[in-house]
Amino acid sequence: AKAWVNFNGTGTIAARDSENVSSLTDNGTGQYSVNLTNAFSADDYVASLNSEIGAGNGGFNQLSGSATTSNMYFVAYTNGGSLRDVDRGMIAGWGDLA
């Protein structure tokens, strides 16, 4: 991976560990920007994401169309489709760097 982060997505968000990530932005409930130190050369890079939340709480995640060459935009939902914060967010990106 050319960029990755494992972060706490509740309260004041913070990276637990990362590579090629300059900062994280909390864009509201369940919405996070992962800002890159070195940008990708094009916005067609591959990203993989996952999250952990409290026991018994299902949901799904997606990479939003708001992602650019310099950030990956992570959005997390409950099974019912409502936005939700994550206890642990994990995202990685593969592609050529600029």
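This report covers the overall fold of the chain and then three of its asparagines.

**Overall fold**

The model is predicted. The protein chain has eight strands and zero helices. Along the sequence the pattern reads β-β-β-β-β-β-β-β. The radius of gyration is 13 Å, close to the 13 Å that the globule rule gives for 98 residues, so the chain is as compact as a globular protein of that length. Along the principal axes, the C-alpha atoms fill a box of roughly 40 × 25 × 20 Å.

Buried residues account for 34% of the 98 residues. Take the contacts between residues at least 6 apart in sequence: 57% of them join residues at least 24 apart. The accessible surface is about 5,000 Å². Carbon and sulfur atoms own 42% of that surface. The chain carries 4 positive and 9 negative charges, and the mean positions of the two sets lie 6 Å apart.

**Three asparagines**

The table sets out where each residue sits and its relative accessible area.

| Residue | Place | Relative accessible area |
|---|---|---|
| Asn8 | strand β1 (residues 3-8) | 22%, partly exposed |
| Asn20 | loop between β2 (14-19) and β3 (21-26) | 11%, buried |
| Asn35 | strand β4 (residues 31-36) | 16%, buried |

**Asn20: a loop residue**

Asn20 sits in the loop between β2 and β3. Is this loop residue buried or exposed? Asn20 is buried: its relative accessibility is 11%, and the cut-off for buried is under 20%. Its backbone also deserves a look. Phi of Asn20 is near 60°, a positive value in a residue other than glycine. Most residues other than glycine have a negative phi.

Which backbone atoms does the side chain of Asn20 reach? One is the backbone oxygen of Lys2, at 3.1 Å. Another is the backbone nitrogen of Asn38, at 2.7 Å. Lys2 and Asn38 also appear among the residues that Asn20 touches, when residues up to four places away in sequence are not counted. The others in that set are Ala3, Asn35, Leu36, Thr37 and Leu97.

**Asn35: a strand residue**

Asn35 belongs to strand β4. Asn35 is buried as well, with a relative accessible area of 16%. Which side chain does Asn35 join in a polar contact? The partner is the side chain of Thr25, at 3.0 Å. Leaving aside neighbours within four places in sequence, Asn35 is in contact with Asn20, Val21, Ser22, Ser23, Leu24 and Thr25. Ser70 and Asn71 are also in contact with Asn35. The contact with Asn20 links the two buried asparagines described here.

**Asn8: at the end of β1**

Asn8 is in strand β1, which spans residues 3-8. At 22% relative accessible area, Asn8 is partly exposed. The side chain of Asn8 makes a polar contact of 3.0 Å with the side chain of Thr10. Beyond neighbours within four places in sequence, Asn8 is in contact with Ile13, Ala14, Arg16, Val86 and Asp87. How far apart in space are Asn8 and Asn79? They are 20 Å apart, C-alpha to C-alpha, with a separation of 71 residues in sequence.

Note on methods
Residues are numbered from 1 along each chain as its sequence is written. This is a predicted model: local features need pLDDT of at least 70, side-chain atom pairs count only at pLDDT 80 or more; totals for chains, interfaces and linings use all residues. Side-chain values use heavy atoms; hydrogens and water are left out. Helices (H or I, at least four residues) and strands (E, at least two) are DSSP runs, numbered from the N terminus. The radius of gyration is taken over C-alpha atoms; the globule rule is 2.2 Å times the number of residues to the power 0.38. Buried means under 20% relative accessible area, exposed over 50%, partly exposed in between (1.4 Å probe, protein chains only). Contact means heavy atoms within 4.5 Å. Accessible areas come from the Shrake-Rupley method with a 1.4 Å probe; for residues, only the protein chains shown count as cover. Lys and Arg count as positive and Asp and Glu as negative; His and the chain ends are not counted. The place of a charge is taken as NZ of Lys, CZ of Arg, CG of Asp or CD of Glu. A polar contact is a pair of N or O atoms within 3.5 Å; within protein, one must be able to donate a hydrogen and the other to accept it, and residues adjacent in sequence count only if both atoms are side-chain atoms.
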